[in-house]
Amino acid sequence: MGEQRMKATIIKSQAASSNTKQIYDDPFSTAYNDDIIEPPYNLKELKLIGEYSTILQQCVEAYRVNILGFGFEPTYRFDYNAKDTKEELRTAADAEWVRLEEFLRYLNYDEEVETILGYALEDREKMGNGYVEVLRDALNRPAGMEYIDGQYIRVCKRTVPEEVEYTITENGQPRKIRRWRTFRKYVQMINGKKVYFKEYGDPRLMNLSTGQFDEATPAHLQASEIVHFKLGSGTYGIPRWVGHIVHQYGARKAEELNYMYFKQGRHVPAAVVVENGMLTDEAYTNLREYMNDIEGVENAHKFLVLEAAGLSSEEDTGEEIVAPVKVQIKSLAEILQQDALFLEYDEKSRDKLRSSFRLPPIYTGESKDYNKATADTARKITEEQVFEPERKTITGKLNTLFLADLDIFYVEISLKGPNFGDPLETAKALSPLVTAGAAVPNDLRDLLGEMLGKELEALPDEYNLPFPVVMNALQQAQQINPLASILKSKEEPGTELLNIMKDLRDVLEELQQ
């Protein structure tokens with residue numbers, strides 16, 4: 001019996017590789033020594049991965065907007081309106097309030113301070129490390145702030161301890177103390193050029209070119225200071241999402257695979273089966289060219305014609321017989337992974353990364369399943385558990401570093417947050433309190449101004465009385481009541497005030513109903 005052989009040939013399209021050709025070079029690769037510390041991850045790769053991820057940038061933006069987007073404001077460190085607060089303390093605090101407002105306003109002449117710190121916050125969330133440069137004025141007070149790209153900064157080892165002076169408050173009065181502290185140096189490298197910085201608060205003069213502490217350093221070569229915002233307590237910060245980095249690469253590859261599927265979607269994976277014959281050389285060449293030309297919409301409607309030659313055999317009689325040829329094209333599309341699997345993988349990847357930031361989907365624009373109640377609950381929990389603690393962390397660092405150098409002790413920096421209150425709902429809740437006399441008009445002026453969309457001034461003390469007291473005065477007209485003189489003549493200015501208060505009563509009664 002003659003031997004039968006089967007030959008299989010694999011023909012595939014020669015598409016261009018979708019792998020990135022970019023190499024994340026470390027500019028410090030040859031500069032790490034006993035002084036400069038190497039980071040645990042490639043900072044440039046961490047910085048740029050947000051350009052490839054479909055969810056990381058949204059999470060970072062949500063952090064920046066909700067932490068810094070409402071702006072800075074000074075706040076008092078004591079109860080300003082307390083009865084036992086001395087007037088001289090109020091006067092000193094008011095002066096510090098104005099100075100702190102001006103300090104925040106002019107920290108950068110080109111951008112708002114929230115914008116500069118926002119850049120550093122984005123670096124902190126992407127790379128684990130964010131930096132700002134602080135500049136001092138002629139009086140050695142902090143007066144300027146500039147953003148520094150964190151991917152070009154490296155941390156150096158701590159220097160020898162240095163005795164520094166600090167100002168604290170004791171029994172409400174400033175007092176200077178001295179303590180020993182170690183500082184770090186920082187180095188920036190761009191295009192092979194190094195520039196050194198010192199940690200904020202280091203009193204020594206440092207040469208920005210050499211990184212050496214030298215009291216004879218001229219003014220134009222003196223290094224400025226850096227404030228390092230990082231995640232964690234290590235030398236370098238670690239991104240909170242670094243455990244999900246594999247998912248980010250996997251989601252990117254899934255997107256590229258889907259892209260190539262749609263780009264080359266005309267081709268259906270199939271097996272060409274030839275029975276009792278073989279493809280001619282011309283047919284084989286045409287098939288290969290067909291596979292290589294499948295891209296582009298101009299090739300979307302082409303037909304493939306295959307020619308096969310039957311195998312010949314010789315009978316006992318010497319006559320040559322050609323076997324009938326059968327060509328079949330069997331689709332292999334059913335064994336491929338379906339698109340839904342990639343969609344599920346991408347969805348799971350987004351959920352995992354969002355969970356590392358502890359953000360609900362509503363903060364990244366995915367709010368299909370939310371109603372007002374669930375949206376408000378998600379916002380309040382996230383504000384309480386995520387954004388408010390982050391604000392306190394940032395303002396705590398700024399207050400600790402800057403206020404003592406500015407000789408500010410009664411006022412501090414704070415970050416504003418969102419207002420979740422509904423003025424109409426608040427008005428309904430306050431209605432029984434107003435009726436019971438637990439509130440005076442000035443307590444409600446801010447709420448009324450918010451409802452009217454404008455600022456209202458406080459009423460004089462003679463008109464700032466509980467509502468039942470006013471109504472009782474109108475009914476009894478007692479001479480000892482401060483409002484009795486208003487009832488003497490309808491032409492007096494107080495009549496208009498009474499009409500307003502009556503209207504306010506009617507509005508509150510309607511809201512209560």
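Reader: How does the lining of the second largest pocket divide by class into nonpolar, polar and charged residues?
Author: This is a predicted model, where local features need pLDDT of at least 70 and side-chain atom pairs 80 or more, while totals for chains, interfaces and linings use all residues. A pocket is an open set of 1 Å grid points with protein on both sides within 12 Å along at least five of seven lines, and lining residues have an atom within 4 Å of a point. With Ala, Val, Leu, Ile, Met, Phe, Trp, Tyr, Cys and Pro as nonpolar, Asp, Glu, Lys and Arg as charged, and the others, Gly among them, as polar, the split is 15 nonpolar, 8 polar and 11 charged.

Reader: Which strand gives the most to that pocket's lining?
Author: The second largest pocket has 34 lining residues, and Arg-136, Tyr-200, Gly-201, Leu-401 and Asp-405 lie nearest its centre. E2 (129-136), E5 (162-170), E6 (173-181) and helix H8 each put in at least two residues; helices (H or I, at least four residues) and strands (E, at least two) are DSSP runs numbered from the N terminus. With 6 residues, the top contributor is E5.

Reader: Which strands does E2 run antiparallel to?
Author: Strands pair if DSSP finds at least two bridges between them. E2 has 6 bridges to one partner, where Val-134 stands opposite Glu-225. It has 6 to another, where Tyr-131 has Ile-148 as its bridge partner. Those antiparallel partners are E9 (225-230) and E3 (142-148).

Reader: Which residue in the turn of the E2-E3 hairpin has a positive phi?
Author: The hairpin leaves 5 residues between E2 and E3. The phi in question is about 65°, and it belongs to Asn-140.

Reader: Which helix supplies the largest share of the lining of the largest cavity?
Author: A cavity is a set of grid points where a 1.4 Å probe fits but cannot get out, and the search turns up 2 of 30 Å³ or more. Lining the largest are Leu-68, Leu-117, Ala-120, Leu-121, Arg-124, Phe-229 and Ile-394, that is, 6 nonpolar and 1 charged. The helix behind 4 of these residues is H4 (113-127).

Reader: How many nonpolar residues line the second largest cavity?
Author: Helices H3 (87-105), H4 and H8 (372-402) each supply at least two lining residues here. The lining includes Phe-72, Phe-103, Met-145 and Ile-413. No polar and no charged residues take part, and the nonpolar count is 10.

Reader: Where are residue numbers counted from, and which atoms enter side-chain values?
Author: Each chain is numbered from 1 along its sequence as written, and with hydrogens and water left out, side-chain values use heavy atoms.

Technical notes. Points joined across faces, edges and corners; volume = space filled by probe spheres on them.
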